[in-house]
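Colleague: I've got a two-chain model open and I'd like to learn how to read it properly. Can you walk me through it?

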Amino acid sequence: MRTPFTIRLIQSTPKSGWLAIAIFATLTLVCVPLAHLALPESNPLHLSAYTVSLLGKILCYMVVAVAMDLIWGYAGILSLGHGLFFALGGYAFGMYLMRQIGRDGSYGADLPDFMVFLDWKALPWYWAGSDSLLWALFLVVALPGIVAFVFGWFAFRSRIKGVYFSIITQALTYAAMLLFFRNETGFGGNNGFTDFKRIVGHDITSPEMRVTLFALSAALLIACLVLGRYLVSSRFGRVLAAIRDAESRVMFIGYNPLHYKLFIWTLSAVLCGLAGALYVPQVGIINPSEMSPANSIEIAVWVAVGGRGTLVGAVLGAGIVNLAKSFFTVTVPEYWPFFLGFLFIAVTLYLPDGVVGLWRSLRERRATAAASDAAAAPVPAPRAAASGPDPVAVSKGATA
Amino acid sequence: MFRSIVMKRMFGVALLLTLLAAPARAALDPSLLAGFAGDFQGRMAAIEALGVAGGDDARRVLDALEAGRLGVIGGRAVIVDGDTVRDAASGEALDQGAGDVELVTLNNRVRRTLANARAALALTSADRAERLGAAITLGDNPNETLLPVFDRALAAETDEEIRGILARAAARIKLASPDALTRLRAVRALGESSDPAVKNLLEGLLQKRDGNWVEAHPEVRTAAKLAIDDIEGRIAIAEGVGTVFSGLSLGSILLLAALGLAITYGVMGVINMAHGELLMVGAYATFLVQGLFRSYLPAYLDWYVAAAIPVAFLSAALVGVAMERLVLRHLYGRPLESLLATWGLSLVLIQAARVIFGPQNLELANPSWMSGGAELAAGVVLPYNRIVIIGFAVFVLVLIWLMMQKTRLGMFVRAVTQNRPMAGCVGVPTARVDTLAFAIGSGVAGLGGLALSQIANVGPAMGTGYIVDAFMVVVLGGVGQLAGAVWAALGLGIFAKFLEGWAGAVIAKILVLVFIIVFIQKRPQGIFALKGRFSDS
């Protein structure tokens, strides 16, 4: 008899992983809310509204990084269009937020301000149902999911991969950005959606709402990590890694890579959409610049910095890069592009396995040193075995 | 059309001859000036007559009138010149006192007539701008009495724009003629135009006002309809040519951007995301060369573009070699990582340009031989700078083709593109070929930047938009295929421009991207796939 799904889900994450998740959950679900709500502002441990929003934003980015890692680190597909799915989720939820403004907009009309400004008399058909939270949540999942499924089906079916796929996803998100920049598209043009007032009737700027959104982001991240761990350690994940390393061989064995790629691709897009939906109420704005190719490519760098092919690495990378970004844009904004640019280069040249890879190799080196001290005998380098199949080495071999 | 111009010329020459024969007289015909002694109607008639007559004497009288120095004594028009009083017609001094002269007063209508008459005189000016202004003034209030002025001016005028305005004004006067035959001739003459303004004029004839046709005669109306069809046909052709031309122009820029990418991508399988920034390097190099010429060689400023060609090529090539040696060399066989690293390079280059040159856009002056344009028809102008750029793209293409087909290096590049390990085995120094190919590809991008600087602003982020387009060209054309890149660049350029005319720039851009995505579904190897058997990794 097969082990029940829930048991397998729980077992897929090792004990140390659950411990880390428990600590993380305590921090985010208990400590941060208490520090923001219960502690007075004079207390040094009090977290300001700015900090909570910043951390919440970074949590959303971490979810995106995990989604990116699933597709790039485990399936070897570098998407330069994940900003699109993130923004689609954001826009889908933003529509609901716009409707929640009701008559409190600056024109006091039933329609959102930008529609009044464009002299529109009624909501376009695709705004139907946008005042319902359930429909909005459905759209948040469905919209990125459908776009990703359709695009992925066409792309994977004709076996577009590698740089071709990357550039086409970039072109896709660029085209979408142009489309959303148009006022006629009906999503606020340049300015996008902003000036949100409330969610399900509650003030969006209240501390309680801020903490709720923060906690939801943290919960989403935990769910992503557990689900991701389950997927990559299952049989499915192993086929995926095999496709990444040698797609033709996987086909000859009798698997159809299309289904595997399409599933992980769509799932990744849906996760991005969910992150986008939580991101928008926390930052208070969504506009087409979220779809700019630069944003999407930055996501890849988060994952590269943390370490591809490790879920923890993606989370760490998103955290490190975004904290650095917050620091730079506040203190020396003109040096941020230099830093980011050199980070791209340095990570790809010197840290192909990211921070996590660096940590592992350091630990292994220490272990090897200890072992050679003890045995004083040559030990076969355990690096390759411990860090799993090196995708680069394998694909290099296949190309050559 | 040509024949009619000849006819007009001949007619004009005849008219000129009569006019030239006339100035034998010493002064104006005094009867022309008789009206100044009468009421406002008479003054206007006199002013018009002077405008039609033309000549220096008429100008002198009108100048005096405008300056308030024209007066009348005993029914004779005179000009008060300080204390002396001169006869307006002959210019002889008279022995009457200035105090006795009754000065001619003007009202608004007379002033307007005066302006028209002066404009009629200005039509013979040597200054083009003055003639153009006069033609526009007259074209705005055509008047039957001015018809001979128009005919005379048309005969002498060589500037197409002024001719157009004058011919339209004359035709409008003729269209108002009570004689149906005159109107018919005017309509037929107008049918040879290719000017939208003429079309509008003719369309006015085919409307009904208060239940009556504006143009009463049915035959003239039929002729007008035919004339409109002719004009529309001509406009459509001119616009089509204009669109194809701007498509070619866009295509040549795309080609310059894509040629370099085709080489580097073909050889190394690496997409250089900083390729657009190599365009920027070339453009800034051009800017610097222009600055040097302006400071040290202002006499040769017109030729700075020529001097910038090697500078732009070498500076971009140097940056490219540095990129290849420092970064890309270490990422061979890892295309996705190269993508990220080169994107990082592009961020650094853009920010460096921003820090060094400032974030604002710089506008480069076209050399004088590249400014202006050839007018194809009214409203359709082919700018010289774009024509030069198309020629330049062809020139670069030929050079690259010769390099690839006729030189040893080109053979090596092709060999490495087709099969790197095998090329290495037979002794091709692949590493050196990589560096050289990258230098050449980058240099060509620098040349693209030079071309771009002549038609667009130069700014730190000018190259970002071109990398995706250039890559699309490479993908469409087929990797490592020069011919494919050429067809793809021109095809994409023209396709995009036609879509733009039909659906607007943004939608056109989206449609092109969708088209390419669909196209790659069907032909992942591009239009021209390399022949041979390849196993994909």
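**Reading the model, feature by feature**

Modeller: Sure, let's start with a residue pair: V72(B) stands opposite A77(B) in β2(B). Keep in mind that we're looking at a predicted model.

Colleague: How do I read a pairing like that, and how many bridges join β1 to β2 in chain B?

Modeller: The general idea is that strands of a sheet pair through backbone hydrogen bonds, either parallel or antiparallel. Here, β1 (residues 70-73) and β2 (residues 76-81) of chain B run antiparallel, with four bridges joining them. Another facing pair is L70(B) with I79(B) in β2(B). The connection is a hairpin with two residues between β1(B) and β2(B). In that turn, G74(B) has a positive phi of about 55°.

Colleague: And what does V72(B) face in β5(B)?

Modeller: That would be E102(B). β1(B) and β5(B) are antiparallel too, joined by two bridges.

Colleague: In what order do the strands of that sheet in chain B come?

Modeller: Reading across, you get β4-β3-β2-β1-β5, five strands in an open sheet with antiparallel pairing. β4 (93-94) and β5 (102-103) of chain B sit at the edges with a single partner strand each, so one side of each has no neighbour in the sheet. As a rule for reading faces, side chains in a regular strand alternate between the two faces of the sheet.

Colleague: On to helices. What span should α11 of chain B have, and how far apart are its end C-alpha atoms?

Modeller: The background first: an α-helix has 3.6 residues a turn, so residues three or four places apart point the same way. For length, use 1.5 Å a residue: the 51 residues of α11(B), 218-268, should span 75 Å, and the end C-alpha atoms are 73 Å apart, which agrees. Still, α11(B) has a kink of about 30°, centred on A258(B). Just past the helix, G269(B) takes a positive phi of about 65°.

Colleague: Where is the kink in α13(B) centred?

Modeller: On P310(B), with a bend of about 25°. The same length check works there: 23 residues should give 33 Å, and the ends of α13(B) are 32 Å apart, which agrees.

Colleague: Which helix of chain B has the lowest confidence, and which the highest?

Modeller: Helix α1 (residues 2-21) is lowest at a mean pLDDT of 50, while α13 (residues 304-326) is highest at 92. Across residues 15-26 of chain B the pLDDT is below 50, and that stretch has six contacts beyond near neighbours in sequence. Chain B as a whole averages 79, with 90% of the residues at 70 or above. The model's scores are ipTM 0.81 and pTM 0.75.

Colleague: How many residues does each chain bring to the contact?

Modeller: Interface size is often quoted as the accessible area lost when the parts come together, but let's count residues. Chain A contributes 38 and chain B 33. On the chain A side, the elements giving two or more residues are α7 (162-181), α12 (293-306), α14 (336-350) and α17 (391-399). α7(A) gives the most, with 12 residues. By type, that side of chain A divides into 27 nonpolar, eight polar and three charged.

Colleague: Last one: how far apart are the centres of the two domains of chain A?

Modeller: The C-alpha centres of domain 1 and domain 2 lie 37 Å apart. The domain assignment puts domain 1 of chain A at 31-292 and domain 2 at 356-400.

Methods. Residues numbered from 1 in each chain as written. Chains lettered and ligands numbered in written order. Predicted model: local features only at pLDDT ≥ 70, side-chain atom pairs only at ≥ 80, totals over all residues. Pairing = 2+ DSSP bridges. Contact = placed C-beta atoms within 7 Å. Nonpolar A, V, L, I, M, F, W, Y, C, P; charged D, E, K, R; others polar. pLDDT = per-residue confidence, 0-100. Domains from an automatic or database assignment. Expected span 1.5 Å × (residues − 1). Bend = angle between axes of the 7 residues up to and from the residue.
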